[in-house]
Amino acid sequence: MKFSSRIFSITIFFFGLIYFLFHTNCLHGKRKFQTGDSTNGKILTNKNGDWYIEDDLCKPRDDFVRAQLKMENSVDIFVYPTTIDKWVSGRIIREGKWEEDHIQKIYRILKSDPSLIFLDIGANVGAFSLTMAELGNQVVAVDALGDNAGRLCASMTINNLQDKMSIIHNALSYIHEKVSLGKFHLNVGGTFVKQMGVSDNSDVIVIDTILLDDLLNIYDFKGGVVIKMDVESFEANVLRGARNFFQNVNVVCVLMEFMAHRGKVSGQFIVEFLQKFGLEPMVSNSNQTTWPMDVMFTKPNTRLVHR
């Protein structure tokens, strides 16, 4: 009896140890990111305050469609089949282009200063991120969709840009919580934060949020930062969680999708927040209801940006 009890105790201890090791160093296929490790070439995600590396997401799948960007430089890119995403992926497959005017503006700014870091918030499949990494600037691409993060990683790898890029797989907000994501039919780029909290629907994608401030724990943004932000009307919430970031980082330019905020309280908040840090909207008047879909905010000395 004593022998059986001892075997039982050892078994319980063994499985308890395995459980502890699994949850402290690995979480559902993720391995823990250690302080001091390089972020380059990795997909990182934050869960309950800890950073993990998601190696599994970076493996190409049958539904990764290989295409080519043909804009400021030529870059291979993995997109979606047009039966899933006819807008962004469809145009890249047909023409090799997406938002080329905006990409050209950002490209010029980064080309003028190789020390600038490009922060792509709402990176989608990576038309902006891959172009800027190929230019030679450091890139941090942020996206809430695992399918986007996987394609970004596969594209980064096939273009040998691991030393220039890293990917954050989280949603950005002003508090730490879980959020559900919503999608539009045939438009992956329209993915949005559908509701705060966890949904009971097993088909809904649930992701942990982080603050932009949290990136200061794993990145050194000494060289200054250029931001592109397109998170489907959630831009103001991202900035609400970014005060420390803007106080500690030299953000020289923000290109933001502004359409959902025109003439609204959120739009006024965005303008006032960015102006506190010296970023002025490049528009011809102060009436926000007449502003374009996308607005660029810059500091006065930002070079190679044209209205």
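**Around the largest cavity**

Let's begin inside the protein: β14 (225-229) and β15 (251-257) each contribute at least two residues to the lining of the largest cavity. Keep in mind as you look that this is a predicted model. Of the elements around this space, β15 gives the most to the lining, with three residues.

Which residues line the largest cavity? Going along the chain, you will meet E99 and H102, then K228, M229 and D230, then L255, M256 and E257, and finally D294. By residue class, this lining divides into five charged, three nonpolar and one polar.

A word on how such a space is found may help here. Rolling a probe the size of a water molecule over the atoms shows where empty space is left. For this model, the search gives one cavity of 30 Å³ or more, and the volume of the largest cavity is about 50 Å³.

Now step back to the chain that surrounds this space. Its secondary structure comprises 17 strands and eight helices, with β14 and β15 of the cavity lining among the strands. How do the contacts spread along the sequence? Counting contacts in the chain with a separation of 6 or more, 67% are between residues 24 or more positions apart.

Finally, turn to burial and surface. The chain has 307 residues, and buried residues make up 50% of them. On the outside, the chain exposes about 14900 Å², and 52% of that area is supplied by carbon and sulfur atoms.

How values were computed
Residues are numbered from 1 along each chain as its sequence is written. This is a predicted model: local features need pLDDT of at least 70, side-chain atom pairs count only at pLDDT 80 or more; totals for chains, interfaces and linings use all residues. Side-chain values use heavy atoms; hydrogens and water are left out. Helices (H or I, at least four residues) and strands (E, at least two) are DSSP runs, numbered from the N terminus. Buried means under 20% relative accessible area, exposed over 50%, partly exposed in between (1.4 Å probe, protein chains only). Contact means heavy atoms within 4.5 Å. Accessible areas come from the Shrake-Rupley method with a 1.4 Å probe; for residues, only the protein chains shown count as cover. On a 1 Å grid over the protein atoms alone, a cavity is a set of points where a 1.4 Å probe fits but cannot get out, and a pocket is an open set with protein on both sides within 12 Å along at least five of seven lines; lining residues have an atom within 4 Å of a point. Grid points are joined across faces, edges and corners, and a volume is the space filled by probe spheres set on the points. Ala, Val, Leu, Ile, Met, Phe, Trp, Tyr, Cys and Pro count as nonpolar, Asp, Glu, Lys and Arg as charged, and the others, Gly among them, as polar.
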